[in-house]
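Let's take a walk through a protein together. Have a look at the sequence and the 3D picture first, then read on.

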Amino acid sequence: MKAIGFVGTPRKESNTVLAVQAILDGAKERGAEIAICSSRDLNLKPCQACMGCAKAPTCVIEDDMLQIYDQLESADVLIFGSPVYMGQMTAQAKAFMDRLFAKLGPHIAPEIKDKFTGKKLIQVYTQGAPIPMAYQAYFDLTAGAFGHLGFDVIDTQVIAGMPDESTQERTDLINGLKKVGADLA
Ligand SMILES: Cc1cc2nc3c(=O)[nH]c(=O)nc-3n(C[C@H](O)[C@H](O)[C@H](O)COP(=O)(O)O)c2cc1C
């Protein structure tokens, strides 16, 4: 089993990276192959709506998304993480999600063949607001969009009441997320 994590955050000491890493660590302890990337370390441009992906085998923007497509192709599970900014995912996370359009499938253009059907996805959101349900409608909407891309959204982890400092001290939280990862493998 191969699980990859993507986190759309500008922060180095990121709550969301720690949360996604904990899920991956749990999967790794059960033998999974794992990888994680953060938008902070990537050159990821937003979709240009050029429709080059309808004519080429993949997105025609030459940036780090090309290697993420390769990783996704061989992955069984995507752990998608974003902090909540203004009630939604970050701009960095949205850029990543929009770029998945290039693999949306032949109903967009016959040449686009690499739909994500069969791959599982876990959404991970961290937020300052203490009430986990505060943005549930948005998380459900986004799960639907991932479903449209072909993913099987199996879980949404909402980590509420996060201060801007690191989550590392919260062993209860980290252990719970590791269990989520262990259950994947
Ligand atoms: C620009 C900005 C907007 C934010 N908007 C919200 C928000 O609408 N609701 C909320 O609960 N938290 C909000 N937060 C808090 C972050 O979601 C929270 O601190 C998150 O854990 C940060 O994740 P990171 O450490 O992975 O970057 C916002 C933070 C920033 C910097």
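**A guided tour**

Let's start at the ligand: 16 residues surround it, and the closest are T16, P83, Q127, G128 and A129. What kinds of residues make up this shell around the ligand: how many are nonpolar, polar or charged? The split is six nonpolar, eight polar and two charged. Keep in mind that you are looking at a predicted model.

Now zoom out to the whole chain. The protein has five helices and five strands. Follow them from the N terminus and you read β-α-β-α-β-α-β-α-β-α.

How does the overall size fit? The C-alpha trace spans about 50 × 35 × 30 Å along its principal axes. A compact globule of 185 residues would have a radius of gyration near 16 Å, and the protein has 16 Å, so the two agree. Of those 185 residues, 36% count as buried. The chain also brings together residues that sit far apart in sequence: among contacts between residues at least 6 apart, 75% join residues at least 24 apart.

Next, head for the inside. The largest nonpolar core has 41 residues, and those with the most contacts inside it are A3, V20, I23, L78, I79 and V124. Several elements give two or more residues to this core: β1 (2–7), α1 (15–29), α2, β3 (77–83), α3 (91–99), β4 (120–126) and β5 (152–159). The largest share, eight residues, comes from α1. To get a feel for this core, try A3. Leaving aside its neighbours within four places in sequence, A3 is in contact with L24, A27, A32, I34, A75, D76, V77, I79 and L184.

Let's stop at helix α2, which covers residues 65–74. Two of its residues make a nice pair to look at: M65 sits in this helix, and so does L72. Is M65 buried or exposed? M65 is buried, because 22 other C-beta atoms lie within 10 Å and 20 or more is what it takes to count as buried. L72 has 18 other C-beta atoms within 10 Å, so L72 is partly exposed.

Who are their partners? Not counting residues up to four places away in sequence, M65 touches L44, C59 and R99. With the same kind of neighbours left out, L72 touches I4 and L78. You can also check some distances across the fold. The C-alpha atoms of M65 and L42 are separated by 8.3 Å, with their positions 23 residues apart along the chain. For L72 and K119, 47 residues apart along the chain, the C-alpha separation is 8.9 Å.

Helix α4 (residues 136–148) is another good stop. Its 13 residues reach 18 Å from the first C-alpha to the last, close to the 18 Å expected at 1.5 Å a residue. Just after α4, G150 takes a positive phi of about 105 degrees.

Finally, which residues have a positive phi although they are not glycines? A49 is one of them, at about 55 degrees, and M51 is another, at about 60 degrees. A49 is found in the loop between β2 (33–38) and α2, and M51 is in the loop between β2 and α2 as well. Their surroundings are worth checking too. A49 is exposed, since 8 other C-beta atoms lie within 10 Å. M51 has 15 other C-beta atoms within 10 Å, so M51 is partly exposed.

Notes
Residues numbered from 1 in each chain as written. Predicted model: local features only at pLDDT ≥ 70, side-chain atom pairs only at ≥ 80, totals over all residues. Near = placed C-beta within 6 Å. Nonpolar A, V, L, I, M, F, W, Y, C, P; charged D, E, K, R; others polar. Helix = DSSP H or I, 4+ residues; strand = E, 2+ residues; numbered from the N terminus. Rg over C-alpha atoms; globule rule 2.2 N^0.38 Å. Buried ≥ 20, exposed ≤ 12 C-beta atoms within 10 Å, placed from the backbone. Contact = placed C-beta atoms within 7 Å. Core = buried A, V, L, I, M, F, W, Y, C linked by C-beta atoms within 7 Å. Expected span 1.5 Å × (residues − 1).
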